[in-house]
Amino acid sequence: MTPRDVPVVAEIESESFPCPWPAEQFSECLRFPMFVCLAAFLEGHIVGYTIGMCEEEGTMHILDLATAIECRRRGCARALLHRLFDEARSRGIRTAYLEVRTRNAPARALYADEGFTQVEFLPNNYPTPPDDGLRLAVALCP
Ligand SMILES: CC(C)(COP(=O)(O)OP(=O)(O)OC[C@H]1O[C@@H](n2cnc3c(N)ncnc32)[C@H](O)[C@@H]1OP(=O)(O)O)[C@@H](O)C(=O)NCCC(=O)NCCS
């Protein structure tokens, strides 16, 4: 992802989440090497993105992942995750984790398929709309 990708990324973010990140938040992540910011392209157009934050503990916190509505179920999110895992491994990271809404069935199916398992239940983690959360983690084998 580069700064010129941010407007399209922010559009996909807006259509994907009830409380979307503002464009400035993506721009901010791009400024710091601890954030891995990836965009997926299909026929020259951005169709998805993900942001991972590398932590001192040797873990990666996946902060954001979304694909454009019209491009879903085409393997874009899975490809983004695999690319993110590769980058994490190259930085010596061995575990990735994230939070997901309990009602987010598509995301939960994707993460289960990618080997994530629940490490924590997060009651009332999301105010708008109200939902509990799950913290999921996966080991990144070398
Ligand atoms: C969740 C999300 C990122 C998935 O993106 P995607 O590009 O459609 O996912 P993929 O095509 O790579 O799907 C990979 C696998 O995930 C699972 N999956 C994805 N969407 C699914 C759905 N609607 N129902 C059931 N399983 C689904 C399937 O196992 C799928 O493999 P398959 O198509 O071979 O069956 C997308 O729906 C999205 O952007 N949602 C809104 C934002 C969001 O919720 N992000 C996650 C926050 S934690």
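**Strand pairing, overall fold and ligand shell of the predicted model**

Strand β2 (residues 45-54) and strand β3 run antiparallel and are joined by 7 bridges, where strands are DSSP runs of E with at least two residues, helices are runs of H or I with at least four, and both are numbered from the N terminus; two strands pair if DSSP finds at least two bridges between them. The structure is a predicted model, in which local features need pLDDT of at least 70 and side-chain atom pairs count only at pLDDT 80 or more, whereas totals for chains, interfaces and linings use all residues. Residues are numbered from 1 along each chain as its sequence is written.

Within this antiparallel pair, Met53 has His61 of β3 as its bridge partner. The hairpin formed by β2 and β3 has 4 residues between the strands, and Gly58 in this hairpin takes a positive phi near 80 degrees. On β3 and β4, which run parallel, 3 bridges make the connection, and Thr59 finds its bridge partner in Thr95 of β4. Between these two strands the chain passes through α3, giving a right-handed β-α-β crossover, that is, one in which the path from the first strand over the helix to the second runs clockwise when the strands point away from the viewer.

Taken as a whole, the protein chain contains 4 helices and 6 strands, and from the N terminus on the order of its elements is α-α-β-β-β-α-β-α-β-β. The radius of gyration of the protein chain is 14 Å, close to the 14 Å that the globule rule gives for 142 residues, so the chain is as compact as a globular protein of that length; this radius is taken over C-alpha atoms, and the rule is 2.2 Å times the number of residues to the power 0.38. The C-alpha trace spans about 35 × 35 × 30 Å along its principal axes.

Around the ligand there are 21 residues, of which the closest are Arg72, Ala77, Pro106, Ala109 and Leu110, a residue being near a molecule if its C-beta atom, placed from the backbone, lies within 6 Å of it. Two or more residues of this shell are given by each of β3 (59-67), α3 (76-90), β4 (95-101) and α4 (105-113), and the largest share, 6 residues, comes from α4. By residue class, the shell divides into 12 nonpolar, 4 polar and 5 charged residues, where Ala, Val, Leu, Ile, Met, Phe, Trp, Tyr, Cys and Pro count as nonpolar, Asp, Glu, Lys and Arg as charged, and the others, Gly among them, as polar.
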